[in-house]
Amino acid sequence: MSAEATTSGEPARSYWHITWRRFRRHRLGMVGLCVVAALFLVSFLSPMLANEQPILCRFDGSFYYPAVIDLIHQIPGSKLIIKKKRPYRLATFDFKREFDPDRGDWALWTPMRYGPREIAAEPLAGPSSRHWLGTDQSGRDVLSRMVHGTVVSMKVGFLSMGIAVILGLVLGCIAGYAGGIADLVISRFIEVVMCFPPFFLILAVLAWFPPSIENVMIVIGLTRWVGIARFARGEILRIRETDYALAARSLGVRPAQLVLRHLLPNALAPVLVSVTFGIAVSILIEAGLSWLGFGVQPPDPSWGTILRSGYENLFTAGHMIPPACVAIFLAVLSFNLVGDTLRDVIDPRLQAERA
Amino acid sequence: MLSYILRRLSTGLITLFGISVISFFIIQLVPGDPAQLQTSQIADAAVSERVYQQLRELYGLDKPIPVQYANWVRKLVQGDLGSSFHDGRRVSAKIGEALWPTLSVALLSFMLTLIISTPVGIYSALRQGGGFDRSVSTGLYMLYSVPNYVAGMLLILYLGVKWDLLPFRGMRSDGFDDMTTLGQMWDLAQHYVLITFCFTFGNLAYYSRFIRQNLLEVVRQDYVRTARAKGLGERSVVLKHAFTNSLIPLISLIGLTFPFVLSGSVILEYMFNWPGLGRLYFESVLQRDYPTIMALNFITALLVLGITFIADLTYGLVDPRISYEK
């Protein structure tokens with residue numbers, strides 16, 4: 001990588017900067033990254049994309065902005081600080097019914113006017129101009145549920161891998177650096193966990209908890225750290241013997257600091273690759289669990305539960321299946337593309353081959 | 001060699017012990033035991049409580065967990081996996097019934113994968129960067145990113161329901177017993193098509209890429225150059241000298257993917273109403289059927305360990321450079 005920086009006559013840049021520059025050259029990787037960014041945006045903006053309450057409205061003489069508050073409420077803890085104004089806070093309040101243009105009421109609606117839990121039309125209706133993807137068995141708008149299902153997938157993907165990364169890195173570093181008895185115990189434990197088929201383990205552990213999205217996240221995180229731990233252990237073992245690690249040690253750097261400041265950053269790039277693939281797998285597992293009824297519970301939306309409603313009404317309402325399938329496929333594909341490109345970009349051997 | 005086998009067997013035993021302990025405790029700590037699940041329907045509280053206690057005693061759940069574990073191990077050593085808490089049948093019989101549907105699909109899909117991906121992999125390696133190589137690898141990559149249960153849902157929707165071409169529920173149609181032998185075989189074959197496809201298509205990309213990559217590495221080796229220099233035909237060089245040697249890493253890949261074949265089947269088997277191990281596992285978890293869950297965990301772990309062990313040994317047989325003395 002230093003060769004690249006010197007031959008091009010540019011000043012030496014940071015590792016991540018170089019990686020990003022290489023990444024940008026891969027068209028498919030960039031497409032994947034754009035889709036990932038779009039999914040992120042959709043999940044963050046979901047309350048302002050599909051909501052039964054408007055973005056801004058004048059109602060009975062005063063202004064309200066309920067969808068904006070819904071957006072803010074996605075931030076944990078914000079519910080305590082900002083609350084919806086009086087009528088909107090009530091679960092029984094139906095803005096659409098109370099809406100009265102003669103009184104001077106007006107509203108700026110979200111692009112899709114239906115909330116994910118709102119019963120908006122006839123059940124199991126096919127696609128129409130009002131409900132682009134039709135309605136589900138309770139008469140809820142499928143498109144709105146798809147949009148809000150994105151939140152679940154992104155959350156599960158990132159948070160469960162976050163748990164897995166922390167667990168995996170801590171245990172992997174301990175095993176790799178400390179060696180001895182700690183390494184023996186951790187390595188054996190990793191081997192034991194790896195012997196369970198992943199889905200069996202998740203199902204068995206999930207039976208402990210009442211089904212909910214948080215529990216799904218935790219369980220996926222708790223079962224998927226082993227790969228990262230094994231990887232981190234190998235990397236630390238390898239890097240520990242390098243000259244710069246020796247140099248740092250002879251300068252008197254303490255072990256904890258050596259691992260955190262000198263070894264871990266160098267092991268991070270390959271870990272990032274497996275995290276990217278891991279997110280795709282987590283999204284897949286969450287949708288699968290929700291499909292089986294272990295994940296997100298009705299009436300909350302998720303791609304898996306939408307797929308399940310389609311499966312349960314196969315002969316009458318096939319229209320729910322393709323959208324959910326496309327969404328899951330796109331999410332998995334884009335994370336895989338990003339992961340593959342990252343792997344190509346940060347593997348120096350592949351770079352040498354190409355040059 | 002013998003010392004290697006012994007060492008592997010002893011670490012394998014420790015791992016098995018760990019697996020059985022962990023799964024035993026995971027299962028036992030789950031709130032809501034089977035006795036509670038089975039008595040929840042009884043309206044009379046006193047009767048419910050009495051039956052509950054009797055059931056707990058019957059299942060041995062009233063004893064402390066370590067004692068239960070010891071009992072389980074004692075029976076296991078005698079080759080007894082116990083009886084199901086759900087329907088009282090022998091666990092071994094339940095598993096035996098579910099084994100063939102899962103295993104037959106797995107083997108079938110595996111054979112198909114090898115039959116298709118080997119020529120594809122070889123051909124792409126020989127024409128590296130060519131039109132075939134690029135289009136096939138892109139196409140297979142897209143397929144690889146289609147989750148198997150997503151493909152299953154779409155296939156069921158279009159081929160099963162909309163166009164009504166293939167059956168997708170279970171292994172047999174209604175009236176299977178009245179069919180002629182030939183008709184029965186045809187019926188079975190039809191039921192296998194969709195589920196086997198779902199198990200197969202994702203592996204195609206993985207395996208053909210793997211074969212291509214290994215072949216590309218082997219082709220650069222000196223002995224391949226030697227074979228060419230001897231004046232051997234290209235066909236013989238590729239198939240006899242290069243390809244056979246590129247197969248070695250395939251052995252460990254097979255060992256690695258096997259557990260996924262067994263576990264990936266939970267959703268698919270449930271979706272296709274396939275009476276296999278995955279569905280049995282799922283139903284046992286719902287029913288809190290401890291003996292069946294334990295047996296399935298234990299057997300799959302045993303299979304995984306056994307297969308990786310055999311794969312490692314085969315490694316040594318096909319590649320004399322690998323030595324076990326260390």
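Chain B turns out to be all helix as far as regular elements go: 14 helices and zero strands. Read from the N terminus, the order is simply α-α-α-α-α-α-α-α-α-α-α-α-α-α. Bear in mind that this is a predicted model.

On overall dimensions, the radius of gyration of chain B comes out at 25 Å, whereas a compact globule of 326 residues would sit near 20 Å. The C-alpha trace of chain B covers about 90 × 60 × 35 Å along its principal axes. As for burial, 31% of the 326 residues in chain B count as buried. The contact pattern can be put in a single number: of the contacts in chain B with a separation of 6 or more, 70% link residues 24 or more positions apart.

Then there is the interface between the two chains. Here 31 residues of chain A are in contact with 38 residues of chain B. On the chain A side, the elements that each supply at least two residues are α9 (180-195), α10 (198-206), α14 (255-292), α15 (303-312) and α16 (321-346). The top contributor is α16(A), which puts eight residues into the side of chain A that touches chain B. In terms of chemistry, that side of chain A splits into 26 nonpolar residues, three polar ones and two charged ones.

Notes
Residues numbered from 1 in each chain as written. Chains lettered and ligands numbered in written order. Predicted model: local features only at pLDDT ≥ 70, side-chain atom pairs only at ≥ 80, totals over all residues. Helix = DSSP H or I, 4+ residues; strand = E, 2+ residues; numbered from the N terminus. Rg over C-alpha atoms; globule rule 2.2 N^0.38 Å. Buried ≥ 20, exposed ≤ 12 C-beta atoms within 10 Å, placed from the backbone. Contact = placed C-beta atoms within 7 Å. Nonpolar A, V, L, I, M, F, W, Y, C, P; charged D, E, K, R; others polar.
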